[in-house]
Amino acid sequence: MFYLGLIVAICFVPGYVGASIPVQWAVLSCILPLGLWRRGSIGPVTWAGLSLLLWSAISLLWTPNVYDSAYGLWIFSICALALWLGTTIHDFRPLLAGLAAGVTVSSAIAIAQALGFTPVMSSSSIPSGLFYNSTVLGATSALLIVALLTHHQFKWVPGLLPALLLSQSRGAFVILGAVFLTNFLRPLWVLAICLVGFAALTISPSPSDIQRLMLWGVAGRELNLWGHGIGSFATYLYYNPNEYYLKATGLFQAGYVHNDYIQLWFELGIGAVAAYFIYAICLTQRESTLWSTFFGFAILGLFYFPLYCPLTAFIGMVAAGRLTAEWHHAWHTRLHRRYDRLLWNPY
């Protein structure tokens with residue numbers, strides 16, 4: 001598992017291996033099918049995931065661009081494989097160590113970028129390591145730091161701190177802050193605080209906040225019962241009337257809504273209920289060591305698209321797999337206890 005995490009974290013070298021993040025999707029699609037030979041738990045969550053994949057495939061019939069939708073179906077299939085792998089793993093420490101070692105390499109590259117060296121390509125002047133995008137670097141580092149702390153693997157945390165700090169990602173600190181607050185408040189209260197914070201941003205939004213609000217509005221106005229098809233949001237163009245963010249007006253292709261929950265309903269409609277069900281089941285497993293990691297992943301989905309970024313999706317779905325396996329075991333145990341009570345005979 002260590003080498004799986006390491007390979008996934010360092011396989012993409014911007015400017016040398018591929019032109020964008022999908023290189024990591026390709027590596028995951030080659031490795032994760034091997035996990036199907038591992039023994040995992042099959043229960044209601046498994047069937048919900050399979051129904052989600054089936055609905056996604058059926059939605060190809062009415063999607064506006066079958067090529068974008070095929071790409072979206074590919075990503076969902078990889079996420080499903082990662083979730084299954086999570087149900088088969090009992091000790092996550094080697095996998096987390098491998099991921100941390102890979103992101104530590106990105107930390108070193110980010111330090112070089114901050115000093116003015118450019119060993120790899122980046123989407124901006126902000127250090128991004130091997131992630132091309134600084135926001136993805138920061139979010140991945142934050143999720144891994146949470147996972148490492150809850151598994152008492154403290155020695156790997158210092159290597160992730162440069163990536164966390166140099167990425168200048170607000171979302172990364174939102175994740176850490178939200179997870180920290182769950183030690184004192186109920187998760188629903190933490191979620192409410194996050195939502196109030198997002199609402200407050202509308203008072204004096206930054207350029208990126210303006211874009212998010214615009215995309216949420218574009219997607220929200222087009223929601224319907226059946227959805228537009230898996231991966232369909234990448235096809236849609238939106239009009240930007242303000243030069244404040246994109247430095248130009250006109251039609252632009254966003255690719256992602258910057259909110260996984262809205263995008264799921266936009267693309268899948270009522271079929272997204274299966275995804276919401278899986279998320280809800282995961283968030284009920286408060287006693288699990290991976291709950292905090294998935295909670296951070298779920299919070300990130302409110303204002304970014306972690307389900308569509310390879311490393312964050314892999315971490316989130318593997319954690320979801322473990323959480324759903326624990327839920328299924330507890331559910332199965334309760335079911336047998338009820339059955340035993342029905343058959344109990346005092347004579």
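Arg-322 is buried, at a relative accessible area of 12%. Before going on: this is a predicted model.

Arg-322 has a salt-bridge partner, Glu-326, and the closest N and O atoms of the two are 3.5 Å apart. Both residues sit in helix α15, 4 residues apart, which is about one turn of that helix. Glu-326 has a relative accessibility of 28% and counts as partly exposed. The cut-off for buried is under 20%, so Arg-322 at 12% falls below it, and Glu-326 at 28% does not.

How many salt bridges does the structure hold? There are 2. Besides the pair in α15, there is one between the side chains of Arg-93 and Asp-91, with an N to O distance of 2.9 Å. Arg-93 is partly exposed, with a relative accessible area of 42%. Asp-91 is also in the partly exposed class, at 36%.

Now the internal space. Searching the whole structure for cavities of 30 Å³ or more gives 4. I will take two of them.

The largest cavity has a volume of about 70 Å³. Which residues line it? The lining consists of Phe-92, Leu-95, Leu-96, Leu-99, Ala-147, Leu-290, Thr-293, Ile-315, Val-318 and Ala-319. Two helices, α5, residues 93-114, and α15, residues 310-343, each supply at least two of the lining residues. Sorted by class, the lining has 9 nonpolar residues, 1 polar residue and no charged ones. Thr is not in the nonpolar or charged set, so the polar entry in this lining is Thr-293.

The second largest cavity holds about 60 Å³ of space. Its lining is made up of Ser-41, Gly-43, Pro-44, Val-45, Thr-46, Leu-83, Thr-87, Thr-324, Ala-325, Trp-327 and His-328. Helices α3, residues 44-58, α4, residues 66-88, and α15 each give at least two residues to this lining. Which helix has the largest share? That is α15, with 4 residues. By class there are 5 nonpolar and 6 polar residues here, and no charged ones.

So α15 comes up in both cavities, since it supplies at least two lining residues to the largest and at least two to the second largest; helices here are DSSP runs numbered from the N terminus. The salt bridge between Glu-326 and Arg-322 is in that helix as well. Neither residue of that pair is listed in the lining of the largest cavity or of the second largest.

Next, an open site. The second largest pocket contains about 410 Å³ of space. Its lining counts 20 residues, and those nearest the centre are Gly-49, Leu-53, Cys-79, Ala-80 and Leu-83. Leu-83 also appears in the lining of the second largest cavity. Helices α3, α4 and α13, residues 273-284, each provide at least two residues of the pocket lining. The largest share comes from α4, with 8 residues. What is the make-up of this lining by class? It has 16 nonpolar and 4 polar residues, and again no charged ones.

Last, the start of the chain. Helix α1 covers residues 2-10, and within it Leu-4, Gly-5, Val-8 and Ala-9 are buried. Why do these four count as lying on the same side of α1? Because they cover an arc of only 120 degrees around the axis.

Definitions and conventions:
Residues numbered from 1 in each chain as written. Predicted model: local features only at pLDDT ≥ 70, side-chain atom pairs only at ≥ 80, totals over all residues. Heavy atoms only, no water. 1 Å grid on protein atoms, 1.4 Å probe; cavity = no way out; pocket = protein on both sides within 12 Å on 5 of 7 lines; lining within 4 Å. Points joined across faces, edges and corners; volume = space filled by probe spheres on them. Salt bridge = Lys/Arg side-chain N within 4 Å of Asp/Glu carboxyl O. Buried < 20%, exposed > 50% of the residue type's maximum accessible area, 1.4 Å probe, protein only. Arc of directions from axis to C-beta.
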